[in-house]
Amino acid sequence: MPKDIAIDMPTDMRNQEGHLSTFDLDYTPPKPWGITSLTVDIPTSSRIPNESRPPSRWKTPEFIFYYVVALFVIPFMAWVPIHLSSSSHPNYPYYHHRLSPGWMFGREVDNSDTQYRSFRNNILPLTFLVLIFIALKYIYTRSALRSALSIPSDKLYLVPFFLLFSALYLTGLHGTSIFKILFILTANYWIAKTSRGSRMGPLLTWVFNVLILFANEIYSGYRYASFHPSLEVLDAFQGIYPRWHISFNITMLRLISFNMDYYWAYNSRRGENLSSASTEKQRANTPLPLEDYTYRNYIAYVLYPPLYIAGPILTFNNFMWQLRCPINIPIRVQGRYLVRFLVSLLTMESILHYMYVVAIKDTKAWQGYTPLELSMIGWWNLLIVWFKLLLPWRFFRLWSLASGIDPPENMIRCMVNNYSALGFWRSWHRSYNLWIVRYIYIPLGGSKNVALTTALVFSFVALWHDLSFRLLAWGWLVSFFILPELLARYLLPQTKYGQFSWYRHVCAIGSVFNMLMMVSANLVGFVIGTDGIMYMVNEIVGTWQGFRFLLAAICIIFVGVQLMFEYREEEMRRGVYRRC
């Protein structure tokens, strides 16, 4: 191994005390039951459930009071935006032009969000595409196995099928821009293979991919005519989704994954083998034989059709180990996941048909709203952001599961079931979080310098999403808002004070302010921007009516946090351990 290697492979994720870290994912708990059956099933912490938990509080007078509060507050929170979306409301004419004909009980639908509309309007064509993919894969598999001398134990025979389908898929999506994509992919592969185990490999990989990220944004995916007038004819066929550079942010993560996994594999002396019973973490962290890091496997991984457009993000090692040692994904598991997706889709449709909060937000038709009404517009917009990301991610993950590859689940907590800033980012876009931890957080030092690495991570995350000041401000706000939680955990550790009755309530008070800060940061980044949040804060804090509302909101959030605490305690009683 070269002596100048500076970047360690992130396989040992234990802290200095020997405890398992947040991202140690070896232990799979027993299937929860009761209310905790709603918890998304993922590989979880390696902590063995052998410790006693506090007795259940669900039937205590304290929690009966919380139920009464929730019974009145939750329906009221839904009624406010429904009332504001009524055609008889004075502000209705300001945003009516953004509504479309709906299918639910004669209601119009707020289909004005551009990002979600591109998915919603294409659900049926995408479903048809998935059925074609599965049918062709079945025919190809039957043909490949029939011609084989013996039944293979792996699924590497699927790589040619993935390559052929990807070529047709990308040609239909991006037209002749497929050649631009292949050029970038080939250049990235050349960097990996030329650098091999040199520490220049990771440096060149990151510089190249960040420059491509900026160039794609600046030149809007490039035009062939800008390279040479004779190539202008290639600009004529742009496919059904010409803006290939928008989704290339996801592709870029796979390019870095391949190069870094190859770099660590080249410098690894271990020759490990995995079985079909391997865990998600083992597949991601175990180097493959060097002969598996080929151009053919690389292209099949980067352009893997089910995950190409939106993810979830799968590392190269994980992808190839699942082909080498196929895992069993029962039909009943896929069926349950399909039901989850359909329930979420129906919930989103109900919200869009009865709450026109996106149209109200985009047209700023909130004149005359009370602080309560303003806050509900912001809150339901955040929930719609969660749904509009959840649904495509679950759709494409379901497609991948049906084709035999199990990527990480992206959303493992509902947006409203989060009180910790750290826990929120572990549960939101989880596959991206795991990618960040493996390829940025740990190589930069991880917990040795939490404040600096957190700021660098969220700055990258913001710029990766969009090269704009609004998201950069969001990244810095998130980094800043994490610091109070880190300080509180240091000053009031659960191991020292957890046995005291007051500790739970102090944590709940801290969590209330955590949630207010998280809502503010995400409103800036994904909903109304810095100007909008300043207007909202001024309306809420600048008047006596707004101050009274804020006090009431703090009390209600406190009740919600207590219910979240107890739900997690119930999970641990059932053997489900999460760090979010």
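Colleague: In this predicted model, is Tyr222 buried or exposed?
Modeller: The model is a predicted one, and the place of Tyr222 in it is the loop between helix 7 (200–218) and helix 8 (224–227). A residue counts as buried when its relative accessible area is under 20%. Tyr222 has a relative accessible area of 16%, and therefore it is buried.

Colleague: What is the phi of Tyr222, about which a student might wonder?
Modeller: As a general background, most residues other than glycine have a negative phi. Tyr222 is not a glycine, and yet its phi is positive, at about 70 degrees.

Colleague: Which kind of aromatic pair do Tyr222 and Phe227 form?
Modeller: A search of the whole structure finds 57 aromatic pairs. For the rings of Tyr222 and Phe227, the centres are 6.4 Å apart and the planes stand at 40 degrees. Planes under 30 degrees apart would count as stacked and those over 60 as edge-to-face, so the pair of Tyr222 and Phe227 is tilted.

Colleague: Is Phe227, the partner in that pair, buried or exposed?
Modeller: The cut-off for this class is a relative accessible area over 50%. Phe227 has 54% relative accessibility, and so it counts as exposed.

Colleague: How many residues apart in sequence are the parts that Trp264 and Tyr439 tie together?
Modeller: Trp264 and Tyr439 form a stacked aromatic pair, with 5.9 Å from centre to centre and 15 degrees between the planes. Both Trp264 and Tyr439 are buried. Because Trp264 lies in helix 9 while Tyr439 lies in helix 18 (residues 430–441), the pair ties together parts whose separation in sequence is 175 residues.

Colleague: Over which ring does the charged end of Arg397 sit?
Modeller: One case of a charge over a ring is Lys180, which lies over the face of Tyr224 at 4.7 Å from the ring centre. The charged end of Arg397 is placed 5.0 Å from the centre of a ring, and that ring belongs to Tyr337.

Colleague: Which two residues does a cis peptide bond join?
Modeller: In general, most peptide bonds are trans. Here there is a cis bond with an omega of about 10 degrees, and one of its residues, Pro312, lies in the loop between helix 12 (305–308) and helix 13 (316–324). The residues joined by this bond are Gly311 and Pro312.

Colleague: Is Phe105 buried or exposed?
Modeller: Phe105 is placed in the loop between strand 1 (100–101) and strand 2 (108–109), and it has a positive phi of about 50 degrees although it is not a glycine. Its relative accessible area is 74%, and since the cut-off is over 50%, Phe105 is exposed.

Colleague: How far apart in space are Asn273 and Arg324, C-alpha to C-alpha?
Modeller: Asn273 lies in the loop between helix 9 (244–266) and helix 10 (280–285), and with 67% relative accessibility it counts as exposed. In sequence, Asn273 and Arg324 are 51 residues apart, whereas in space their C-alpha atoms are separated by 9.7 Å.

Colleague: Which element gives the most residues to the nonpolar surface patch?
Modeller: The patch covers about 700 Å² and is made by Leu487, Tyr490, Leu491, Leu492, Phe500, Trp502 and Val506. The elements that give two or more residues to it are helix 20 (469–491) and helix 22 (501–526). Tyr490, which is found in helix 20, counts as exposed because its relative accessibility is 67%. With 3 residues, the element that gives the most is helix 20.

Technical notes: Residues numbered from 1 in each chain as written. Predicted model: local features only at pLDDT ≥ 70, side-chain atom pairs only at ≥ 80, totals over all residues. Heavy atoms only, no water. Patch = residues over 30% accessible without salt bridge, like charges linked within 9 Å, V, L, I, M, F, W, Y side chains within 5 Å. Areas by Shrake-Rupley, 256 points an atom, 1.4 Å probe, with all protein chains shown as cover. Salt bridge = Lys/Arg side-chain N within 4 Å of Asp/Glu carboxyl O. Helix = DSSP H or I, 4+ residues; strand = E, 2+ residues; numbered from the N terminus. Buried < 20%, exposed > 50% of the residue type's maximum accessible area, 1.4 Å probe, protein only. Phe/Tyr/Trp six-rings, centres within 6.5 Å; stacked < 30°, edge-to-face > 60°. Lys NZ or Arg CZ within 6 Å of the ring centre and 35° of its normal.
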